[in-house]
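Reader: I'd like a close look at one part of this model. Take the ligand's surroundings, then follow the chain into the strands next door in your account. Keep it brisk.

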Amino acid sequence: MLQPTYSLALIIASLTIATLASYTSLHLTGRIATVSGKNQRLYWLTGGAIAMGLGIWCMHFVGMLSFSLPIPLGYDFGLTAASLVIAVLVSFFALHLVTREKVSLSRLFSSGIMMGAGIAAMHYTGMAAMRMNPAIQWHPGIFTLSILIAVGASTAALWLMVRLRHQREKHLLLRRIVAALVMGIAITGMHYTGMAAADFPLGSVCTVASEISPNWLALTIAGLTFGILTITLMLSILDARLEMRTNEYVKSLTTVNAKLHHQAMHDALTGLPNRSLLFERVRHALVAAERARARVALYFIDLDGFKAINDSLGHAVGDALLQEVAARLQQSLRKEDTVARLGGDEFVILVEGLPDVGMAGHIAEKLLECFHDEFVPHQLGMRISPSIGIAIYPDDGKSVDELISHADAAMYEVKTSGRNNYRFFEAAMNASTRRAIDIQRSLPAAIQNDELFLVYQPKFSCDRTHILGAEALLRWRHPKLGMISPAEFIPIAERSGQILEVGRWVIEEVCRQLQEWQTAGLETVRIAINLSQIQMRSARIVEDILGITVKHQIAPAKLMFEITETVAMQNAVETMQTIEKLQQAGFELAIDDFGTGYSSLSYLQQFGVQQMKVDRSFIHNMAISPKGYSIVVAIIQLAHSLGIEVVAEGVETEEQLSLLQDLDCDQTQGYLHSPPLEGNAFIDLLNQPFAPVVGVAA
Ligand SMILES: Nc1nc2c(ncn2[C@@H]2O[C@H](COP(=O)(O)O[C@H]3[C@@H](O)[C@H](n4cnc5c(=O)[nH]c(N)nc54)O[C@@H]3COP(=O)(O)O)[C@@H](O)[C@H]2O)c(=O)[nH]1
């Protein structure tokens, strides 16, 4: 037999190529497993199979090169090429199998056998390409062993490829390197076992020794294959990284999108659905209810006195209170009910699948109940109540807007009739309620859009020769509703808690106007400002007023505050404190609408007010009824005996004025002298060179 010899360097080179090919295959399987497009997968499978097949085949070729006999050797071109095709096909098959979603154990074993047979076929086709004469004699035991090694190595390789195809594996790089080494050793092991099975009888010649000269060709192919494998590996790594980045980018975009969508649909403070989401859900609920002929209830909730809490204790407390309310409302209902916040202190609740209207009332009771316990925003214990209006689909409306507006109207009725309760919508809640709601809703914009303005009604000395002061009266020019009387919108502002803002605007505007007139060197008089009950009870009112007067450099003596008899006599602790503080600060006070309420003489004395304004109903009656006359006489005498000036309101006739002059009334105010005048007209009247004279300017 001819004795073969082996080159250790080339054996190591073949092992290196086998290992590199294995590593590339492992990486490719991971790559292909994550590719989603069909075409993309096919490209990777084909490219990967070529690179991997070339790697295995080249390993075989270099392995052959490491083997030499004492005769010249060569390879048949056709068979050599066939062995390469077999290697590529086997690789395609292997990659296709291991990158499938699921690979069962039985499939893995059968595939291992097929792949082992394929590799053996490639190897022995390559051996056959030597075309030896006489033919190579095969050692059956070692030959069988080489096939078994091929099958075993292929099965192990396939198993490793399946096992390590997921990019999420821990220590993936290290595992793949070790696995590639094991696979490389198994493949080269099979090759050299196969070589050991071959016996070359003495006198053998290679019939194709002149066809492909192995030495330089094998080295060139080895270099090329090494290059292709490296490039494939690099491409695979780069592509995987790119895809990973793209995936991360897509993932973060999806997260941001989801967050944005959530923000657009939810209230930032309470996390509850906002108006948009509520409307969407109500629309769905109505469609479902129409199909199922079911009822849906909408609850419109407004917190009583929330604005006062917010204004007096600060927004942080107000916000915390709203969060507590939101949590309680949610807890008191089922998960499938929607609690939404429309803004401010307004919440709307959507309840679907109502068996009957009675149940809607029962739910409203539950909602009221959840306000029974104290709230403790920022450790401040407080109670707050809700006004709840209910509208039922289909009885009270068929559209979202209609239902919400009717629930709102019902809520408004609760507000005007005592609060802390609930009411179902009734058709009788008509235009006046609607108008009141409109007024309430458009009041905040009135301040911002300069729709409010002041007029000034002079107070004259009884002999008409002097203007001794003026009363500032508020006006609202509404863009749609036209002029709205303060007699209509002030009570609405009081109920909704907006009076503090409106009242503040009035004080600021009076001071701004006075400053402007003073700066222009014009004569001015003391201006009287009406204060509502809620302003009188506000803990910060006097500090606020002082802040405004300081800002506009207005002396307190330039201002007077009018409070109605009813408010003054209530003896509420807060009202008393405000009266005292106003007087200490140097402001004058007048009791307005005197005679319409019940006065306590001791309070009158205690307050030390400067003026008492006789209500215009008494002035009207004094000239037409002796009793009416007697009442005015009594009021004037009482005031004078307490050292208080008397101002007669609503003087419209000469007769009324003459009677008041006879009774020694101090001042008169009314259409007889002048209606309320806009700022410019008022200051012109005050500063004209002829009578009336501006008197006792403060
Ligand atoms: N808290 C605040 N209340 C205010 C403010 N501005 C006005 N008001 C109160 O609104 C009520 C209605 O006021 P208004 O429509 O301005 O009517 C006043 C005068 O225009 C009217 N008046 C004056 N002279 C006559 C007259 O000869 N005849 C006649 N029929 N009416 C006349 O009287 C109203 C003034 O009333 P009073 O305040 O009682 O002096 C009214 O209660 C206002 O107080 C505000 O800024 N804040």
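Author: Start with the elements that supply the shell. β13 (466-478), α14 (486-496) and β17 (588-594) each give at least two residues to the shell around the ligand. This is a predicted model.

The shell holds 20 residues. Which of them come nearest to the ligand? They are Leu474, Pro486, Asn530, Gly670 and Tyr671. By class, the residues of the shell split into 8 nonpolar, 6 polar and 6 charged.

Now follow β13 to its partner. β13 pairs with β12 in the antiparallel sense, over 9 bridges. One pair to find on screen is Leu452, whose bridge partner in β13 is Trp476. The two strands form a hairpin with 4 residues between them. In that hairpin, look at Arg464: its phi is positive, near 70 degrees.

β12 has further pairings. Strand β21 (residues 677-678) pairs with β12 over 2 bridges, again in the antiparallel sense. There, Tyr456 stands opposite Leu677. Strand β20 (residues 667-668) also runs antiparallel to β12, and 2 bridges join them. Here the facing residues are Phe460 and, in β20, Thr668.

Is β12 largely enclosed or open? Strand β12 covers residues 452-461, and 7 of these 10 residues are buried. The strand is therefore largely enclosed by the rest of the structure.

To recap the route: β13 supplies residues to the ligand shell, and β13 pairs with β12. From β12, the pairing goes on to β21 and to β20.

Key: Residues numbered from 1 in each chain as written. Predicted model: local features only at pLDDT ≥ 70, side-chain atom pairs only at ≥ 80, totals over all residues. Near = placed C-beta within 6 Å. Nonpolar A, V, L, I, M, F, W, Y, C, P; charged D, E, K, R; others polar. Buried ≥ 20, exposed ≤ 12 C-beta atoms within 10 Å, placed from the backbone. Pairing = 2+ DSSP bridges.
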